[in-house]
Amino acid sequence: MNTLSYKTVSANSATTKKEWIVVDAEGQPLGRLASTVARILRGKHKTYYTPHVDCGDNVIVLNAGKVTLSGNKWEEKNYIWHTGYPGGQRSVTAAELLKRNPLKIVEKSVKGMLPKNKLGAQIYKNLHVYEGSEHKHEAQQPKKININEIK
């Protein structure tokens, strides 16, 4: 008789089922939106979640330029990077980044919540961000979800 009747099943790329999900970012707080999108991208909402496998869904974020920030974060939140040259530290406020490229605000916040390794880079490719309410992924028949209903 087999004493190990229950075995832990680990998901792999052949057993995962990837879906396409549409999220509307209009009027949503940036951090709450990013954490929910990162959770869906990672696959943590699925029963067969496996930490070392890309088992998450493809996420389409619409109206990325219409996210909200509370308080004075539009003027006080800085995005900092370095060019690699001496004295090359640069920074831009959230309001300036919104004018320059509205997609970057959502992309940077979601990418910061993903793993910092090869798996995180692979998962990040499943994120598609658009400024308007139109996208080019109609052929995949994405499901529209309300981000406020997800726990």
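Two strands count as paired if DSSP finds at least two bridges between them. I kept that cut-off in mind while going through this predicted model.

**Entry: strand pairing.** I looked up β2 (residues 58–62) and β5 and found three bridges joining them, with the strands running parallel. Because at least two bridges are required, the three between β2 and β5 make them a pair. I then picked out I60 and noted that its bridge partner in β5 is H128.

**Entry: the sheet.** I followed the pairing outward and got an open sheet of four strands, in the order β5-β2-β1-β6, with parallel pairing. Which strands stand at the edges? They are β5 (127–129) and β6 (143–145); each has a single partner strand, so one side of each has no neighbour in the sheet. I noted an average twist of 25 degrees from one strand to the next.

**Entry: helices on the sheet.** I checked helix α1 (residues 30–42) and found that it lies across β1 (20–24), β2, β5 and β6, at about 155 degrees to β2. I also checked helix α4 (residues 102–111), which packs on the sheet and touches β2 and β5. The direction of α4 makes about 160 degrees with that of β5.

**Entry: W74.** I located W74 in helix α2 (residues 73–76). Is W74 buried or exposed? Its relative accessible area is 19%, and the cut-off for buried is under 20%, so W74 is classed as buried. Leaving aside neighbours within four places in sequence, I listed its contacts as V67, T68, L69, T93, A94, A95, L98 and I105. I also looked up E96, 22 residues from W74 along the chain, and noted a C-alpha separation of 8.4 Å between the two.

How values were computed:
Residues are numbered from 1 along each chain as its sequence is written. This is a predicted model: local features need pLDDT of at least 70, side-chain atom pairs count only at pLDDT 80 or more; totals for chains, interfaces and linings use all residues. Side-chain values use heavy atoms; hydrogens and water are left out. Helices (H or I, at least four residues) and strands (E, at least two) are DSSP runs, numbered from the N terminus. Buried means under 20% relative accessible area, exposed over 50%, partly exposed in between (1.4 Å probe, protein chains only). Contact means heavy atoms within 4.5 Å. Axes are lines fitted to C-alpha atoms, for helices over the stretch in contact, and angles run from 0 to 180 degrees between N-to-C directions.
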